[in-house]
Amino acid sequence: IKEVRGKGLLIAMVVRDDDTANKIYADCLRNGLFINVTQGNIIRLFPALNITDEDADEGLDILGEVIEAVKTS
């Protein structure tokens, strides 16, 4: 991850290349986390404004596991 930026619950992560972003996207979807990839290498997180702490924690756990798996592959 090269950069993280955001405002409120809208978060964007810039990753090193398009392939990395696509791997993270695909693995997150397989694990039940919906994210969005824009401009090739920017991953967007945009949870509902009424997200619970438990759902946010679960989503961040999935994202963390996926990023770690992609990083080591």
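## A guided tour, starting at D19

Begin by selecting D19, which counts as exposed at 53% relative accessibility; as everywhere on this tour, what is on screen is a predicted model. D19 has its place in helix 1, and if you add G40 to the selection you will have two residues that are 21 apart in sequence, with their C-alpha atoms 8.3 Å apart in space.

Now zoom out and colour by secondary structure. The protein chain has 2 helices and 4 strands, and reading from the N terminus on, these elements follow one another as β-β-α-β-β-α. The radius of gyration is 12 Å, close to the 11 Å that the globule rule gives for 73 residues, so the protein chain is as compact as a globular protein of that length. If you draw a box along the principal axes, the C-alpha atoms fill roughly 30 × 25 × 15 Å.

With the whole chain still in view, switch on the surface. The accessible surface of the protein chain comes to about 5100 Å², and carbon and sulfur atoms account for 51% of that area, while buried residues make up 27% of the 73 residues. Of the contacts in the protein chain with a separation of 6 or more, 49% are between residues 24 or more positions apart. Colouring by charge brings up 8 positive and 13 negative charges, whose mean positions are 10 Å apart.

Next, go to the start of the chain and select K2, which sits in the segment before strand 1 (3-7) and is exposed, at 60% relative accessibility. Leaving aside neighbours within four places in sequence, K2 is in contact with V14, V15 and R16. A distance label between the C-alpha atoms of K2 and V15 should read 5.4 Å, although the two residues are 13 apart in sequence.

From there, move to the aromatic side chains, where the count comes to 1 aromatic pair. Select F34 and F46 and show their rings: the centres are 5.8 Å apart and the planes stand at 90 degrees, so the pair is edge-to-face, an angle over 60 degrees being what that label requires. F34 lies in the loop between helix 1 (18-30) and strand 3 (36-38), and F46 lies in the loop between strand 4 (42-45) and helix 2 (53-72), so the pair ties together parts that are 12 residues apart in sequence. With the surface shown again, the two partners can be told apart by their cover: F34 is exposed, with a relative accessible area of 54%, whereas F46 is partly exposed, at 34%.

Continue to the loop between strand 3 and strand 4 and select Q39, which has its place there. The backbone is the thing to inspect at this stop, since phi of Q39 is near 50 degrees, a positive value in a residue other than glycine. Q39 is also exposed, with a relative accessible area of 69%.

For the last stop, follow the chain into helix 2 and select E65, which has its place in that helix. E65 is exposed, with a relative accessible area of 59%. Add N31 to the selection and label the distance between the two C-alpha atoms: E65 and N31 are 34 residues apart along the chain, and the separation in space is 9.9 Å.

Notes
Residues numbered from 1 in each chain as written. Predicted model: local features only at pLDDT ≥ 70, side-chain atom pairs only at ≥ 80, totals over all residues. Heavy atoms only, no water. Rg over C-alpha atoms; globule rule 2.2 N^0.38 Å. Buried < 20%, exposed > 50% of the residue type's maximum accessible area, 1.4 Å probe, protein only. Contact = heavy atoms within 4.5 Å. Areas by Shrake-Rupley, 256 points an atom, 1.4 Å probe, with all protein chains shown as cover. Lys, Arg positive; Asp, Glu negative; His and termini not counted. Charge placed at Lys NZ, Arg CZ, Asp CG, Glu CD. Phe/Tyr/Trp six-rings, centres within 6.5 Å; stacked < 30°, edge-to-face > 60°.
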